[in-house]
Amino acid sequence: MKEKKNLQGLTAEELKKFAADAGEAPFRGRQLFKWINKGEKSFEGMTDFSKELRRKLEDMAYIGGVKILRIQRDPHDGTMKFLFGLEDGNSVEGVFMKYRYGNSFCVSSQAGCRMGCTFCASALKGLARNLTAGEMADQIYEGEKAAGEKVNHIVVMGTGEPFDNYDNLKKFLEILHHPDGKNISYRNMTVSTSGIIPGIRKLAEDFPQVNLAVSLHSLIDRKRSEIMPVNRAYPLEELLEAAREYTQGTGRRITFEYALIKGQNDSVKDVELMKERLAGINCHVNLIPLNRVEETGLWGSGRKRAEEMAKELEAAGIAATVRRELGRNIDGACGQLRLKKETLK
Ligand code: SAH
């Protein structure tokens with residue numbers, strides 16, 4: 001028997017082709033695309049298909065994706081953190097967040113990560129594999145069903161380095177944007193990178209309207225290499241140049257993420273360097289109080305220091321905010337739930 005084809009994560013075009021190859025009219029492909037990207041997982045639920053067609057589809061295909069293994073809900077701010085299981089037994093996390101402007105979903109792009117940042121829980125076990133476009137999209141669909149609410153902002157800031165999985169990321173962004181799917185505006189999507197310069201250039205070219213966030217974490221080249229090994233391949237100087245180019249080419253503001261690690265990147269000198277090096281770049285600095293990951297042995301600088309630093313940057317004309325700590329009570333960030341998977345059962 002032929003193996004069933006997984007339709008989750010196929011583009012509208014690919015589904016049209018699938019329908020045609022199955023001897024059906026191309027508009028069936030369009031209907032499939034609509035259903036799948038509404039979160040429908042069974043052909044039985046596709047009520048505008050005849051019984052015969054549903055059975056035929058059942059025989060030749062299925063709609064894969066992710067399965068919720070665990071949900072943690074923060075009763076104070078409504079944040080829901082998901083542990084999702086993949087078909088091959090790997091797992092990833094996703095986070096549903098409520099903001100004043102709407103609901104946002106934080107998507108993982110890889111199971112694990114090979115960037116090796118010293119402060120990050122996702123780095124501890126290395127990379128298992130890339131996620132498919134369907135596995136990324138379905139985190140959102142399953143999240144929406146569980147939350148009983150729609151998502152209208154997407155941030156690719158979960159586990160993984162999105163530019164280490166560019167082709168699937170691209171497909172995912174296109175599927176989410178498609179008018180027959182969730183129809184999410186590119187302006188409501190943000191991709192966060194540890195600083196892979198060729199990825200920054202590709203994103204600017206393919207998706208000039210998608211927001212870009214770059215994890216900076218230090219403005220001292222040697223220090224940055226120490227906490228983010230990716231800096232050895234794409235050093236700070238070149239990264240800042242690529243960031244400047246990005247803002248000029250797209251006309252968009254870039255976000256710099258800066259997680260505050262006690263004694264490592266939070267000194268007076270660090271703030272001075274930020275002011276100096278970021279001056280003139282159309283940017284916004286997002287200071288992140290470090291989420292403590294015990295295994296790393298690192299501590300955060302504390303919210304008070306983060307606020308002081310934000311104030312100093314603002315005074316120097318650099319837009320800066322301190323990230324809200326959503327889901328603080330539920331290991332709300334950065335691979336911590338996946339790491340604890342073994343102890344959760
Ligand atoms: N690989 C991408 C996206 C995933 S990480 C990137 O590096 O940007 C998303 C953000 O969370 C990054 O800014 C990352 O540096 C930050 N982060 C990772 N571990 C953290 C921790 N323990 N506390 C606070 N922020 C963390």
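## Ligand contacts

A nitrogen atom of the ligand has a backbone N or O atom of F119 at 3.2 Å. This is a predicted model. N291 also offers a backbone N or O atom, which lies 2.9 Å from a nitrogen atom of the ligand. E257 takes part through its side chain: an N or O atom there is 3.1 Å from an oxygen atom of the ligand.

The ligand has 17 residues around it. Those that come nearest are G160, S192, S215, H217 and N291.

## The sheet

Ten strands form one open sheet with mixed pairing. The order is β3-β4-β5-β6-β9-β10-β11-β12-β13-β14. The edges belong to β3 (67-73) and β14. Each has a single partner strand, so one side of each is left without a neighbour in the sheet. On average, neighbouring strands are turned by 20° against each other, direction ignored.

Strand β6 (residues 102-106) runs parallel to strand β9 (residues 153-156), and three bridges join them. In this pair, F105 stands opposite I154 of β9. Helix α5 (residues 166-177) packs on the sheet and touches β9 and β10 (189-193). The direction of α5 makes about 165° with that of β10.

## Strand β13 and its neighbours

How many residues of β13 are buried? Strand β13 spans residues 283-289, and seven of its seven residues are buried. In a regular strand, side chains alternate between the two faces of the sheet. Both faces of β13 are covered. One side carries C283, V285, L287 and P289. The other carries H284, N286 and I288.

Strand β12 (residues 254-260) runs parallel to β13, joined by seven bridges. E257 stands opposite N286 of β13. E257 is also the residue whose side chain has an N or O atom 3.1 Å from a ligand oxygen atom. On the β14 side, four bridges join β13 to strand β14 (residues 319-322), again in parallel. Here N286 stands opposite T321 of β14.

## Crossovers

Two helices make the connections. Helix α10 (residues 268-278) forms a right-handed β-α-β unit with β12 and β13. From β13 the chain then crosses through helix α11 (residues 303-315) to β14, and this β-α-β crossover is right-handed.

Where does α11 lie? Helix α11 lies across β12, β13 and β14. It runs at about 170° to β14.

Notes:
Residues are numbered from 1 along each chain as its sequence is written. This is a predicted model: local features need pLDDT of at least 70, side-chain atom pairs count only at pLDDT 80 or more; totals for chains, interfaces and linings use all residues. Side-chain values use heavy atoms; hydrogens and water are left out. Buried means under 20% relative accessible area, exposed over 50%, partly exposed in between (1.4 Å probe, protein chains only). Two strands pair if DSSP finds at least two bridges between them. A crossover is right-handed if, with the strands pointing away from the viewer, the path from the first strand over the helix to the second runs clockwise. Axes are lines fitted to C-alpha atoms, for helices over the stretch in contact, and angles run from 0 to 180 degrees between N-to-C directions. Contact means heavy atoms within 4.5 Å. A residue is near a molecule or strand if one of its heavy atoms lies within 4 Å of it. A polar contact is a pair of N or O atoms within 3.5 Å; within protein, one must be able to donate a hydrogen and the other to accept it, and residues adjacent in sequence count only if both atoms are side-chain atoms.
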